[in-house]
Amino acid sequence: MSTTDDATASKPKAASTQSYSDEQRPRVSGYRIGNNPHGGSICFPLTFTTTAWLLSMFANQFCTFAYRKVTFEDPNIAFNETLTIFPPANTTISTWSYQGVGLSSGICFRYPSYFETDSAFQAARAFTILVAVFGFVSMIRIWFAACMPMGTASWACTGYKLLLCCLLEGLCFLIFSSNVCADGVTDSGQKFKVDCSVDRGARIGIAAVVFWFVAALSVLNVDPPIDDIYGPVAVQKVVTKTETINPDGTKDVKTETRSYYV
């Protein structure tokens, strides 16, 4: 019996154009990291999404979203009467806190538990939470997409999440339609008018809306970082021929092809 081996190497082939058996195609655990599936185009979604999330946090987490100006119908109202109004008169507010007055000016205070809010105010609060959560999840997914592959559906879902964040950010402005910006009456029966105007936080919120929208467009206009997580980086094919001489003089030739992944 004699055996001869003939090994030949071929050029690497794309995993998507060739099928492999379970024996020939070793599976890797998880995604291949560091292959930069997007190239330089991932920089735009990364930049816009991260900027939008940071702007959203600055807009909604401080007490300078809106300026609440209070005007009494009676111009001779006593100063002590203004102290009975809550949130305080002529100061900035947000959905989670308000700025103190007098010696406490410049300090943000959380609303007390007894503070009564209406549905518009509670909705604005809920939207600040939702935009923070959805925005953070989308931002992290895009950061991972910089070095890891992602399916087409998952990538598109991230883009639509960013559009949702754009909507949620805009709905945070419902605070201007809530009871904190509505006219009222003091305990002694003095009527007052409330005028809420945009302040620094609201301006940042407007910028966040724009960046959420641009981030969504940048994701939807960039192809997803698709990569075959099971496919090899390179393939070397080795063909082995085994020739067996039988006692009657006949020959049996067996050919075996193996693929090696490097």
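# Reading a predicted model, feature by feature

Author: Let's start with one residue: proline 45 counts as buried, because its relative accessibility is 0%. Keep in mind that this is a predicted model.

Reader: Where does proline 45 lie?

Author: Proline 45 lies in helix α1. A residue's place in the sequence and its place in space are two separate things to look up. Here, the C-alpha atoms of proline 45 and methionine 139 are separated by 8.8 Å, with their positions 94 residues apart along the chain.

Reader: Okay, let me zoom out. How many helices and strands does the protein chain have?

Author: There are five helices and eight strands. In sequence order, they give the pattern α-β-α-β-β-β-α-α-β-β-α-β-β. As for burial across the protein chain, 35% of its 262 residues count as buried.

Reader: Strands next, please. Which residues of β1 make up the covered face, and which the uncovered one?

Author: Go along the strand and sort the residues by face. In β1, residues 66-72, the covered face holds Ala66, Arg68, Val70 and Phe72. Tyr67, Lys69 and Thr71 make up the uncovered face.

Reader: Which strand does β1 join through three bridges?

Author: That's β2, residues 91-93, and the two run antiparallel. To see this pairing, find arginine 68, which stands opposite threonine 91 in β2. β1 also pairs with β6, residues 191-198, again in the antiparallel sense, over seven bridges.

Reader: Which residues of β6 stand opposite alanine 66 and valine 70?

Author: Alanine 66 stands opposite valine 198, while valine 70 faces valine 194. Follow those two pairs and you can see the antiparallel run of β1 and β6.

Reader: How many bridges join β5 to β6?

Author: Two, and these strands are antiparallel as well. Glycine 184 has phenylalanine 192 in β6 as its bridge partner. The hairpin of β5 and β6 has five residues between the strands, and glycine 189 takes a positive phi near 90° there.

Reader: Let's move on to rings. How many aromatic pairs turn up in the whole structure?

Author: A search finds 16 aromatic pairs. For each one, look at the distance between ring centres and the angle between planes. Phenylalanine 65 and phenylalanine 176 form a tilted pair, at 6.0 Å centre to centre and with 40° between the planes.

Reader: Why does that pair tie together parts that are 111 residues apart in sequence?

Author: It comes down to where the rings sit: phenylalanine 65 is in the loop between α1 and β1, and phenylalanine 176 is in the loop between α4 and β5, so the pair ties those parts together.

Reader: Are phenylalanine 65 and phenylalanine 176 buried or partly exposed?

Author: Compare each value with the cut-off: buried means under 20% relative accessible area. Phenylalanine 65 has 3%, so this residue counts as buried. Phenylalanine 176 has 23%, so this one is partly exposed.

Reader: What sort of aromatic pair do tyrosine 98 and tyrosine 111 form?

Author: They form a tilted pair, 5.6 Å centre to centre with 35° between the planes. Tyrosine 98 is in strand β3, and tyrosine 111 is in the loop between β4 and α3, 13 residues apart. Tyrosine 98 counts as buried because its relative accessibility is 13%, and tyrosine 111 counts as buried because its value is 10%.

Reader: Which residues do ring pairs link into a cluster?

Author: Look for Phe86, Tyr98, Phe109, Tyr111, Tyr114, Phe115 and Phe121.

Reader: Last topic: which residues does the UniProt annotation "transmembrane region" cover?

Author: The unreviewed entry gives residues 126-146, 158-181 and 202-222. You can set such a record beside the model. Residues 126-146 are 95% helix and 0% strand, and their end C-alpha atoms lie 31 Å apart. Residues 158-181 are 58% helix and 0% strand, with end C-alpha atoms 35 Å apart.

Reader: Which residues form the nonpolar patch on the surface?

Author: The patch consists of Ile129, Val133, Phe136, Val137, Ile140 and Phe144, with about 500 Å² of accessible area together. Try isoleucine 129, which is found in helix α3, residues 119-145. Isoleucine 129 counts as partly exposed because its relative accessibility is 43%.

Key
Residues are numbered from 1 along each chain as its sequence is written. This is a predicted model: local features need pLDDT of at least 70, side-chain atom pairs count only at pLDDT 80 or more; totals for chains, interfaces and linings use all residues. Side-chain values use heavy atoms; hydrogens and water are left out. Buried means under 20% relative accessible area, exposed over 50%, partly exposed in between (1.4 Å probe, protein chains only). Helices (H or I, at least four residues) and strands (E, at least two) are DSSP runs, numbered from the N terminus. Two strands pair if DSSP finds at least two bridges between them. UniProt positions are given in the numbering used here, feature names are shortened, and annotations may be inferred rather than shown by experiment. Patches are made of residues with over 30% relative accessible area and no salt bridge: like charges are joined within 9 Å, nonpolar side chains (Val, Leu, Ile, Met, Phe, Trp, Tyr) within 5 Å. Accessible areas come from the Shrake-Rupley method with a 1.4 Å probe; for residues, only the protein chains shown count as cover. A salt bridge is a side-chain nitrogen of Lys or Arg within 4 Å of a carboxyl oxygen of Asp or Glu. Rings of Phe, Tyr and Trp (its six-membered ring) pair if their centres lie within 6.5 Å; planes under 30 degrees apart count as stacked, over 60 as edge-to-face and the rest as tilted.
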